[in-house]
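Me: I am new to this structure. Could you walk me through how to read it?

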Amino acid sequence: MRQVNIEGYTPDEILSLPDEQLDGFVLAGEPLVFRAGSAEILGEFKIRGGSLLVELAQIDGGGEGVLPVLTSLAHRYAQRRGLEKVEWVVHALNCAKPNPKLRRVMERRGFVVTDVEGVGKAYYRAYEVSR
């Protein structure tokens, strides 16, 4: 499988950044656009209580395994920070150009379509972080 870099960094390089630098960029309190592999992603990352919340609003392109890389990176980051849970909200139900394979991929990865408070219908998944 091909290495998927995020903004030119490998997941290991991202996790090796000091907490202050990583938090300042990723947990900025507002949505950000970033490139992961060939995908351009609009998302937001927050720490809410003991959870890392990953909210993805739009994903253009990709297909080379971006979601598994982001999942692994989020999990490892949550472990490093001592968080209890990772929650995902993916707004992919009403895209202008929906990806026909996305529903299968999301369901296979354990996402369910649900009404998320403050968001509306979206793909949602939450899981405990093993330590």
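**Reading the model**

Reply: Start with one residue: Gly61 is exposed, at 59% relative accessibility. Here buried means under 20% relative accessible area, exposed means over 50%, and partly exposed is in between (1.4 Å probe, protein chains only). This is a predicted model: local features need pLDDT of at least 70, side-chain atom pairs count only at pLDDT 80 or more, and totals for chains, interfaces and linings use all residues. Residues are numbered from 1 along each chain as its sequence is written, and side-chain values use heavy atoms, with hydrogens and water left out.

Me: Where does Gly61 lie, and which residues does Gly61 touch?

Reply: First, the terms. Helices (H or I, at least four residues) and strands (E, at least two) are DSSP runs, numbered from the N terminus. Contact means heavy atoms within 4.5 Å. Now the case. Gly61 sits in the loop between β3 and α3. Not counting residues up to four places away in sequence, Gly61 touches Ser38 and Ala39. Gly61 and Ser38 are 23 residues apart in sequence, yet their C-alpha atoms are 6.0 Å apart in space.

Me: How many helices and strands does the chain have?

Reply: There are four helices and six strands. Along the sequence, the pattern is α-α-β-β-β-α-β-α-β-β.

Me: Why is the chain said to be as compact as a globular protein of that length?

Reply: Compare two radii. The radius of gyration is taken over C-alpha atoms, and the globule rule is 2.2 Å times the number of residues to the power 0.38. The chain has a radius of gyration of 14 Å, close to the 14 Å that the rule gives for 131 residues, so it is as compact as a globular protein of that length. Along the principal axes, the C-alpha atoms fill a box of roughly 40 × 30 × 25 Å.

Me: What share of the residues is buried, and what area does the chain expose?

Reply: Buried residues make up 36% of the 131 residues. Accessible areas come from the Shrake-Rupley method with a 1.4 Å probe; for residues, only the protein chains shown count as cover. The chain exposes about 7,800 Å², and carbon and sulfur atoms supply 50% of that area.

Me: What share of the contacts joins residues 24 or more positions apart?

Reply: Take the contacts with a separation of 6 or more. Residues 24 or more positions apart account for 59% of them.

Me: How do I read a pocket?

Reply: Think of a probe first. Rolling a probe the size of a water molecule over the atoms shows where empty space is left. On a 1 Å grid over the protein atoms alone, a pocket is an open set of points where a 1.4 Å probe fits, with protein on both sides within 12 Å along at least five of seven lines; lining residues have an atom within 4 Å of a point. Grid points are joined across faces, edges and corners, and a volume is the space filled by probe spheres set on the points. The largest pocket has a volume of about 750 Å³. It is lined by 29 residues, and the closest to its centre are Ile59, Gly61, Gly63, Asn99 and Leu102. β3 (51-60), α3 (66-81) and α4 (102-108) are the elements that give two or more residues to this lining. The largest share, five residues, comes from β3.

Me: How do the residue classes of that lining divide?

Reply: Ala, Val, Leu, Ile, Met, Phe, Trp, Tyr, Cys and Pro count as nonpolar, Asp, Glu, Lys and Arg as charged, and the others, Gly among them, as polar. The lining of the largest pocket has 16 nonpolar, seven polar and six charged residues.

Me: What is in the second largest pocket?

Reply: That pocket holds about 380 Å³ of space. Of its 18 lining residues, Ile14, Leu22, Phe25, Val26 and Leu73 are the closest to its centre. α1 (11-15), α2 (19-26), β1 (32-36) and α3 each supply at least two residues of the lining. By class, this lining has 16 nonpolar, one polar and one charged residues.

Me: Is His75 buried or exposed?

Reply: His75 counts as buried, at 17% relative accessibility. His75 is in helix α3. Leaving aside neighbours within four places in sequence, His75 is in contact with Val86, Tyr127, Glu128, Val129 and Ser130.
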